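Let's take a walk through this model, one piece at a time. Keep the structure open beside the text and turn it as you read.

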Amino acid sequence: MVVRTIGMDEAILQLLRERSSGFLSGEEISRRLKVTRTAIWKRVERLRSLGYEIKAIPRAGYRLIRSPDLLIPSEVNPLLETKWIGKTIHFFETIDSTNAKAYELALRGAREGEVVIAESQKKGKGRLGRQWFSPPFSNLYLSVILRPKIPPHQASLITLMAAVATAEAIGKFSGLAPRIKWPNDVLLNDRKVAGLLNEIHSEADRIHFVILGIGVNLNMDESMVSKEIRSRATSLKKEMGQTISRKDFLRTLLGELETWYEAFSDEGGTIILKAWRDRAQIQGKQVNVTSFGETLRGVAIDVDSDGALILETEGGEKKRVVAGDVEYAK
Ligand code: BTN
């Protein structure tokens, strides 16, 4: 369901923002929007229920005191500093999965840079068929539609690019030093703060589109998650010791995605691989890799130009792993 702040509610918010230093009378709003004063009162009540603090004084009118940290377009759009990512945002209060929605929109011709954001997901998709825990009003769940002009075998470079951009955004925003765990988990203090799930639609030699799905734990409290998740996950709020403005973080994230995607498009994969290696520091590490039900132990040599992990097993054999989970051996 699309949050119904689009239209009349957004128009009221817009007028109140323009008169931020004083009150705007119900009569003036009613005249400018051509609706009754009762209709305005009802809308104001609804906006309050969404968390907007709106003061009303008889004869003076309405004044917007504070806006909630909602990710609706009217809150987010004015903040964005990007040229093309996020110029169109499809916002949903709740949805099965932003990736599934973005995929559907891309099939119907949505443009590169369109973004799907949800306040919560009922069937948030994680890697390897897992679910992504997606409670409302706390984290960020978004999917970006990209249409890169690269052959399908290079698609995993887009995944590495997105991991780098997400790690950079977290680093810039927090002043902390996030690490990337192959293939694309972003960690703070060895716990997962963000995960990426990219889905590709292509033919033999051409990519039609890539859906970049990103989930970032921003304000999620430990009390909200199961014991199992708690031991492996963290949030930016926990690591920074303060509540995070999701809008501000979104601005940083979309900015970094645009910068890194453009760098990849202009300069190719080398710059991405270098940044990924710097953040991952996986080379030479003793790791256990679980891939398709099999666990391999060995030393991580590198990632190759297609994003696969190159591993030297205990038996001295070189293996190339394209999908799986890495654990650092103690
Ligand atoms: C992982 O398992 O680490 C990947 C998690 C990806 C979750 C994000 S949340 C937004 C987007 N929509 C989804 O359904 N999944 C991704």
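Start with strands β4 (residues 115–121) and β5 (residues 140–146), which run antiparallel and are joined by four bridges. If you want one pair to fix your eye on, take Val116, whose bridge partner in β5 is Ser143. Bear in mind that what you're looking at is a predicted model.

Now zoom out from that pair. Both strands belong to an open sheet of seven, in the order β3-β4-β5-β9-β8-β7-β6, with mixed pairing. At the edges stand β3 (89–95) and β6 (179–181); each has a single partner strand, so one side of each is left without a neighbour in the sheet. Going from one strand to the next, the twist averages 20°. Helix α6 (residues 155–174) packs on this sheet, where it touches β5, β6, β7 (185–188), β8 (191–203) and β9 (206–216). Its direction makes about 150° with that of β8.

Back to Val116 for a moment, since it also leads to a helix. Val116 is touched by Lys101, which makes contact with Phe92 and Ile95 too, leaving aside residues up to four places away in sequence. Lys101 sits in helix α5 (residues 98–107). Is this lysine buried or exposed? With a relative accessible area of 19%, Lys101 is buried, because the cut-off for that label is under 20%.

Next, the ligand. There are 20 residues around it, and those that come nearest are Ser97, Thr98, Lys125, Arg127 and Lys192. Which atoms do the close work? In the side chain of Thr98, an N or O atom is 2.9 Å from a nitrogen atom of the ligand. Lys125 uses its backbone instead: an N or O atom there lies 2.7 Å from a ligand oxygen atom. With Lys192 we're back to a side chain, with an N or O atom 2.6 Å from an oxygen atom of the ligand. As for how covered the ligand is, taken alone it exposes 420 Å², and the protein buries 99% of that.

There's another sheet to visit. Five strands make up this open one, in the order β13-β12-β11-β10-β14, and the pairing is antiparallel. Here the edges belong to β13 (318–321) and β14 (325–328), each with a single partner strand, so one side of each has no neighbour in the sheet. The twist averages 45° from one strand to the next. Inside the sheet, β11 (residues 294–303) and β12 (residues 309–313) run antiparallel and are joined by five bridges. Ala300 is a handy marker, standing opposite Leu311 in β12.

Finally, some backbone oddities. Most residues other than glycine have a negative phi, and most peptide bonds are trans. Against that background, look at the peptide bond from Trp182 to Pro183: it is cis, with omega near 0°. Pro183 lies in the loop between β6 and β7. Then there's Lys34, which is not a glycine yet has a positive phi of about 60°. You'll find Lys34 in the loop between α2 (26–33) and α3 (37–49), and at 73% relative accessibility it counts as exposed. Phe137 also has a positive phi, near 55°, and again isn't a glycine. Its place is in the loop between β4 and β5, the pair of strands joined by four bridges. Phe137 is exposed, with a relative accessible area of 57%.

Notes: Residues are numbered from 1 along each chain as its sequence is written. This is a predicted model: local features need pLDDT of at least 70, side-chain atom pairs count only at pLDDT 80 or more; totals for chains, interfaces and linings use all residues. Side-chain values use heavy atoms; hydrogens and water are left out. Two strands pair if DSSP finds at least two bridges between them. Helices (H or I, at least four residues) and strands (E, at least two) are DSSP runs, numbered from the N terminus. Axes are lines fitted to C-alpha atoms, for helices over the stretch in contact, and angles run from 0 to 180 degrees between N-to-C directions. Contact means heavy atoms within 4.5 Å. A residue is near a molecule or strand if one of its heavy atoms lies within 4 Å of it. A polar contact is a pair of N or O atoms within 3.5 Å; within protein, one must be able to donate a hydrogen and the other to accept it, and residues adjacent in sequence count only if both atoms are side-chain atoms. Accessible areas come from the Shrake-Rupley method with a 1.4 Å probe; for residues, only the protein chains shown count as cover. Buried means under 20% relative accessible area, exposed over 50%, partly exposed in between (1.4 Å probe, protein chains only).
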